[in-house]
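Please open the model in your viewer and keep the sequence panel beside it. The tour proceeds by selection, one stop at a time.

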Amino acid sequence: QVQLVESGGGLVQPGGSLRLSCAASGFTLDYYAIGWFRQAPGKEREGVSCISSSDDTTYYADSVKGRFTISRDNAKNMAYLQLNSLKPEDTAVYYCAADPSTDYYSDYLCSPRNYDMEYWGKGTLVTVSS
């Protein structure tokens, strides 16, 4: 059974940090593109960061560049998103996703309007507030 499970969300003050984890089971994450997306109340789902499996290129949304870092640990079948210098506007449910396609670069994979990744977790809530 293919499954992605996120963890690590919570309440953090502005300027703080969190590390989100995504545990994959039922498939080998090594061969998949991975992505982190978020959705705030009343807003569309946004691609935060993605890694393409075709050439390992990495995409970051402009709003998170320099603050967030995506990574993967193939030995543990895990993906991560390090969130630093958090702002109130980063408040959202964060979702991990994976896709077997090797045809697309990371920026395309991270565009929900253009592409829907195949496997999704249920999300973890990040709240940035003082």
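The stops below cover a strand and its partners, a sheet, two loop residues and a pocket. The model is a predicted one.

**First stop: strand 9**

Select residues 92-99, which form strand 9. Seven of its eight residues are buried, so the strand is largely enclosed by the rest of the structure. Next, add residues 33-39, which are strand 4. Strands 4 and 9 are antiparallel and are linked by seven bridges. To locate this pairing, display Ala-33 together with Asp-99, its bridge partner in strand 9.

Now extend the selection to residues 124-128, strand 11, which runs antiparallel to strand 9 and is joined to it by three bridges. Here Tyr-94 is found opposite Thr-124 of strand 11. Finally, add residues 119-120, strand 10; two bridges connect this strand to strand 9, again in the antiparallel sense. Ala-97 has Trp-120 of strand 10 as its bridge partner.

**Second stop: the sheet 1-3-8-7**

Clear the selection and show strands 1, 3, 8 and 7, which in that order make up an open, antiparallel sheet of four strands. Strand 1 (3-7) and strand 7 (68-73) are the edges; each has a single partner strand, so one side of each lacks a neighbour in the sheet. From one strand to the next, the twist averages 15°.

Within this sheet, select residues 18-25 (strand 3) and 78-83 (strand 8), an antiparallel pair joined by six bridges. Leu-20 is a suitable residue to label: its bridge partner in strand 8 is Leu-81.

**Third stop: two loop residues**

Which loop holds Asn-77? Asn-77 lies in the loop between strand 7 and strand 8. Its phi is positive, about 60°, although the residue is not a glycine. With a relative accessible area of 16%, Asn-77 is buried.

Move on to Ser-85, in the loop between strand 8 and strand 9. Ser-85 is likewise a residue other than glycine with a positive phi, near 50°. Its relative accessibility is 41%, and Ser-85 therefore counts as partly exposed.

**Last stop: the largest pocket**

Select Arg-38, Gln-39, Ala-40, Lys-43, Glu-44, Glu-46, Pro-88, Glu-89, Thr-91 and Ala-92, the residues that line the largest pocket. The space within this pocket is about 160 Å³. Colouring the lining by class will show five charged, three nonpolar and two polar residues.

Key: Residues are numbered from 1 along each chain as its sequence is written. This is a predicted model: local features need pLDDT of at least 70, side-chain atom pairs count only at pLDDT 80 or more; totals for chains, interfaces and linings use all residues. Side-chain values use heavy atoms; hydrogens and water are left out. On a 1 Å grid over the protein atoms alone, a cavity is a set of points where a 1.4 Å probe fits but cannot get out, and a pocket is an open set with protein on both sides within 12 Å along at least five of seven lines; lining residues have an atom within 4 Å of a point. Grid points are joined across faces, edges and corners, and a volume is the space filled by probe spheres set on the points. Ala, Val, Leu, Ile, Met, Phe, Trp, Tyr, Cys and Pro count as nonpolar, Asp, Glu, Lys and Arg as charged, and the others, Gly among them, as polar. Buried means under 20% relative accessible area, exposed over 50%, partly exposed in between (1.4 Å probe, protein chains only). Two strands pair if DSSP finds at least two bridges between them. Axes are lines fitted to C-alpha atoms, for helices over the stretch in contact, and angles run from 0 to 180 degrees between N-to-C directions.
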